[in-house]
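Subject: Structure handover

Hello,

Here is the structure you will be taking over. Please open it before reading the notes that follow.

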Amino acid sequence: MFSWLGTDDRRKKEPEVFQTVSEGLKKLYKTKLLPLEESYKFHEFHSPALEDADFDNKPMVLLVGQYSTGKTSFIRYLLEQDFPGMRIGPEPTTDSFIAVMHGDTEGVIPGNALVVDPKKPFRKLNAFGNAFLNRFVCAQLPNPVLESISVIDTPGILSGEKQRISRGYDFAAVLEWFAERVDRIILLFDAHKLDISDEFSEVIKALKNHEDKIRVVLNKADQIETQQLMRVYGALMWSLGKIVNTPEVIRVYIGSFWSHPLLIPDNRKLFEAEEQDLFKDIQSLPRNAALRKLNDLIKRARLAKVHAYIISSLKKEMPSVFGKENKKKELIGSLGDIYKHIEREHQISPGDFPNLKKMQDQLQAQDLTKFQPLKSKLLEAVDDMLANDIASLMVLVRQEETQFPNPVVRGGAFDGTDGPFGHGYGEGAGEGIDEAEWVVARDKPAYDEIFYTLSPVNGKVTGANAKKEMVKSKLPNTVLGKIWKLADIDKDGMLDDEEFALANHLIKVKLEGHELPSELPAHLVPPSKRKIPE
């Protein structure tokens with residue numbers, strides 16, 4: 001009896017089955033989150049509705065910075081070729097948002113045409129009007145880097161009130177729109193003239209809630225001496241600390257991202273290491289794209305839930321006939337108290353609530369009597385999505401990563417780091433890689449003197465005797481244990497003179513600040529232990 005009731009109940013609790021992560025995200029958004037957003041006017045307050053292109057598009061990198069910090073040069077450096085509409089100069093040259101994307105032929109698509117293309121993730125930008133669309137283009141070109149990622153170049157930020165007024169559109173709001181949809185936000189600063197204007201401060205604050213996507217690049221660092229660079233770096237960290245409210249120190253990459261000779265080459269090694277770290281971060285974007293979209297959907301769902309509670313609470317307090325305007329003013333003024341009440345009643349973190357001042361300003365133009373009361377079914381659908389469906393999608397993300405591993409970004413500057421000009425080539429454990437002579441042989445006479453003081457038997461020292469000498473390096477046992485495994489090539493628990501010299505060479509590599517290899521490179525294998533080719 002009533003068996004249909006149990007079946008229906010089970011159907012609700014079982015997570016949906018999807019073939020791909022992208023398909024799953026689209027369906028969950030349309031069936032479970034979008035109805036909640038539409039019911040409580042989420043799109044009028046926060047962010048336009050998502051479309052299929054938002055879930056299907058390639059990872060995007062957003063470049064933000066004041067004028068002449070090298071944003072366009074940075075893109076040129078990554079692609080290793082010019083792109084349509086590119087202008088570079090010391091004066092403010094880029095006055096438009098330029099989406100640099102992959103295309104079979106080179107060309108420029110103007111903003112008004114771009115926002116009607118369903119295959120591009122920019123359709124909702126039409127809400128910012130012609131003032132913005134006339135300053136928005138897509139530069140398409142066949143470049144291998146753009147097969148994996150797209151890059152958004154932005155207008156250089158100037159200081160002063162005139163700059164804000166003369167744009168004709170809400171610059172910070174456009175950047176916030178992009179910030180929600182991109183995978184990485186790179187803030188560029190010029191090491192030679194470091195200052196953070198009022199508008200740039202506002203822009204950085206507009207990127208709040210997206211701190212996990214932000215990376216900072218201190219560009220043109222080859223133009224100043226090491227001592228000055230230290231001061232500039234310290235000043236930048238101090239300035240960012242006042243604007244970006246995160247407990248962690250934000251990651252800053254120092255370098256000179258253009259193809260010209262370094263003006264002051266003293267910090268060349270530092271620039272190379274920083275460039276490699278930044279390139280690794282960018283190259284990981286295609287691999288983590290599905291996870292990022294999943295994370296952004298969860299953030300959006302949490303905000304939509306809180307928004308629904310706020311709207312329904314305001315509706316509940318509004319009178320049905322008289323005194324609507326006075327009550328509206330009173331409710332907007334006491335919105336902070338409403339936040340606290342919702343926070344206590346529904347156990348919601350304060351960090352999930354939208355900006356109070358911004359919400360109060362937006363409510364001024366709304367008719368609170370037309371708001372919807374709380375609909376528990378809509379909220380239950382979103383809760384079910386967060387509790388069950390997202391968990392099944394997480395499993396699918398891992399499966400896709402193993403079955404169809406996404407390639408890292410290739411081409412352009414990313415291919416110029418191999419061979420002898422790759423970072424760390426010929427250094428540390430790689431020293432002597434191209435030499436015919438065994439590199440350890442240079443210092444072997446000194447190592448042999450120590451070896452023969454350790455009472456070798458049949459040409460070998462025991463592990464206990466070798467340990468007494470090796471611990472003098474003061475390296476931890478875990479590191480010395482790894483060195484032992486690499487040096488004891490024949491795995492007999494003892495070291496001959498060549499193995500002992502190799503162990504000391506690896507100790508020196510580690511003491512000089514280099515990493516140990518996971519396996520012994522062929523050029524470090526002692527000559528007597530090398531296999532003779534048949």
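How many nonpolar, polar and charged residues are there in the lining of the largest cavity? Please keep in mind throughout that this is a predicted model. The lining has four nonpolar residues, five charged residues and no polar ones. By name, the residues lining this cavity are E51, A53, D54, P121, F122, R123, K124, W177 and R181. Two helices, α4 (52–56) and α9 (171–181), each supply at least two residues of that lining. The volume of the largest cavity is about 40 Å³, and a search of the whole structure finds one cavity of 30 Å³ or more.

Next, the nonpolar cores. The largest one has 48 residues. Within it, F97, F122, F178 and L187 have the most contacts. F122 is thus named twice in these notes, as it also lines the largest cavity. A second core, separate from the largest, has 44 residues, including L50, L378, L379 and L393.

One lysine is worth finding in the viewer. K213 sits in the loop between α10 (198–206) and β7 (214–219). Is K213 buried or exposed? K213 counts as buried because its relative accessibility is 2%, and the cut-off for buried is under 20%. Its side chain has two partners to look at. The K213 side chain reaches the backbone oxygen of E180 at 3.3 Å, and a polar contact of 3.1 Å joins it to the side chain of D296.

Then there is some backbone geometry to check. Most residues other than glycine have a negative phi. Two residues here that are not glycines have a positive phi: K41, at about 55°, and S68, at about 60°. Each of them is in a loop. K41 is found between α2 (21–39) and α3 (42–45), while S68 is placed between β1 (60–65) and α5 (71–79). As for accessibility, K41 has a relative accessible area of 24%, so it is partly exposed. S68 counts as buried, because its relative accessibility is 14%.

Last, a record entry. An unreviewed UniProt entry places the feature "domain: EF-hand" at residues 475–510. In the model, this span is 69% helix and 8% strand. The C-alpha atoms at the two ends of residues 475–510 lie 9 Å apart.

Regards

Note on methods:
Residues are numbered from 1 along each chain as its sequence is written. This is a predicted model: local features need pLDDT of at least 70, side-chain atom pairs count only at pLDDT 80 or more; totals for chains, interfaces and linings use all residues. Side-chain values use heavy atoms; hydrogens and water are left out. A nonpolar core is a set of buried Ala, Val, Leu, Ile, Met, Phe, Trp, Tyr and Cys residues joined through side-chain atoms within 4.5 Å. Buried means under 20% relative accessible area, exposed over 50%, partly exposed in between (1.4 Å probe, protein chains only). UniProt positions are given in the numbering used here, feature names are shortened, and annotations may be inferred rather than shown by experiment. Helices (H or I, at least four residues) and strands (E, at least two) are DSSP runs, numbered from the N terminus. On a 1 Å grid over the protein atoms alone, a cavity is a set of points where a 1.4 Å probe fits but cannot get out, and a pocket is an open set with protein on both sides within 12 Å along at least five of seven lines; lining residues have an atom within 4 Å of a point. Grid points are joined across faces, edges and corners, and a volume is the space filled by probe spheres set on the points. Ala, Val, Leu, Ile, Met, Phe, Trp, Tyr, Cys and Pro count as nonpolar, Asp, Glu, Lys and Arg as charged, and the others, Gly among them, as polar. A polar contact is a pair of N or O atoms within 3.5 Å; within protein, one must be able to donate a hydrogen and the other to accept it, and residues adjacent in sequence count only if both atoms are side-chain atoms.
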